[in-house]
Amino acid sequence: MSTDPAPKSDCIFCKVVAGEIPCFKIYEDDATLAFMDINPGNPGHCLVIPKNHAADAYSIDAEDFAAVARTCTKVAPAVRDVVSPDGINLVQANGEGAGQSVFHVHMHILPRRNDDNLLMNWGHKPGDMDEAKALGEKIAARIAE
Ligand code: 5GP
Ligand code: ZN
């Protein structure tokens, strides 16, 4: 079991899991949820999170982390097929120095372009929500095929 699995009242991703904050959901199973990032580094940028709260990779239950990885193997190929990027980074930050801003474990599935010049800490700027919604629907449909 996770050392810290209870939903946190001040955790935005626990609120997403609980349905208290809306998201463009693309996939879920018993242990994980995948949804579009609201500040995408590139179109198609999404997140995979464990449903159990854990702040970071230091405290997450191994089974929950494994479940996140399993979900990434479903979502990443669907993102690839929908947005045809030049590559995809799977990125997971631990601590402010690593660029972590939400302290509930999340794997970024970040489509890349050869010339996007994104840095590892790529900054947050609001995305086009119509585009995020449309791409989320396409990725979800691709996973369901
Ligand atoms: P971090 O900076 O911790 O690696 O990544 C946190 C990510 O969560 C950021 O890319 C940010 O855009 C995203 N994010 C923060 N709040 C929300 C939210 O309420 N909904 C969604 N969908 N994404 C969020
Ligand atoms: Zn949480």
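Student: What pattern does the protein follow when read along the sequence?

Tutor: List the helices and strands in order from the N terminus. In this predicted model, the order is α-β-β-β-α-β-β-α. That comes to three helices and five strands.

Student: How do I judge the overall form, and what radius of gyration does the protein have?

Tutor: Set the value against what a compact globule of that length would have. For 145 residues that would be near 15 Å, and the protein has 14 Å, which agrees. The C-alpha atoms fill a box of roughly 40 × 35 × 25 Å along the principal axes.

Student: Which share of contacts in the protein joins residues at least 24 apart?

Tutor: Begin with contacts between residues at least 6 apart in sequence; of these, 63% join residues at least 24 apart. As for burial, 44% of the 145 residues are buried. The protein exposes about 7,800 Å², and carbon and sulfur atoms supply 52% of that area.

Student: Now the metal. Which residues coordinate the zinc ion (ligand 2)?

Tutor: Look for donor atoms around the ion, and note which atom of each residue is used. Here the donors are SG of C11, SG of C14, ND1 of H53 and ND1 of H104, at 2.0 to 2.3 Å.

Student: What is the geometry of the site of the zinc ion (ligand 2)?

Tutor: Check the angles among the donors: four donors count as tetrahedral if all angles lie between 85 and 135 degrees. The angles at this site are 105 to 115°, so the site is tetrahedral.

Student: How are the donor residues of the zinc ion (ligand 2) spaced in sequence?

Tutor: Write the donors in order with the gaps between them: C-x2-C-x38-H-x50-H. This pairing links distant parts of the chain, since C11 is in the segment before α1 (12–18) and H104 is in the loop between β4 (87–91) and β5 (107–112), 93 residues apart.

Student: Are these donors buried or exposed, taking C11 as my start?

Tutor: Compare each relative accessible area with the cut-off: buried means under 20%. C11 has 6%, so C11 is buried. C14 counts as buried too, at 8%, and H104 counts as buried at 0%.

Student: With cysteines in view, how many disulfides does a search of the whole structure find?

Tutor: The search finds zero disulfides.

Student: Let me try another histidine. Where is H124 found?

Tutor: Place a residue by its element, then ask about its surroundings. H124 is in the loop between β5 and α3 (129–144). At 52% relative accessibility, H124 counts as exposed.

Student: Which residues is H124 in contact with, leaving aside its neighbours within four places in sequence?

Tutor: They are N39 and S101. For another view of the fold around this loop, take I38: H124 and I38 are 86 residues apart in sequence, yet 8.9 Å apart in space, C-alpha to C-alpha.

Student: Last, backbone angles. What is the phi of S84?

Tutor: When reading phi, note the sign and then the residue type. S84 has a positive phi of about 45° although S84 is not a glycine. S84 is found in the loop between α2 (62–83) and β4, and counts as partly exposed at 49% relative accessibility.

Student: And what is the phi of N117?

Tutor: N117 has a phi near 55°, a positive value in a residue other than glycine. N117 lies in the loop between β5 and α3, and is exposed, with a relative accessible area of 68%.

Note on methods: Residues numbered from 1 in each chain as written. Chains lettered and ligands numbered in written order. Predicted model: local features only at pLDDT ≥ 70, side-chain atom pairs only at ≥ 80, totals over all residues. Heavy atoms only, no water. Donors = N, O, S within 2.8 Å, 3.2 Å for Na, K, Ca; no water. Tetrahedral: all angles 85-135°; square planar, octahedral: opposite > 155°, others 65-115°. Helix = DSSP H or I, 4+ residues; strand = E, 2+ residues; numbered from the N terminus. Buried < 20%, exposed > 50% of the residue type's maximum accessible area, 1.4 Å probe, protein only. Rg over C-alpha atoms; globule rule 2.2 N^0.38 Å. Contact = heavy atoms within 4.5 Å. Areas by Shrake-Rupley, 256 points an atom, 1.4 Å probe, with all protein chains shown as cover. Disulfide = S-S within 2.5 Å.
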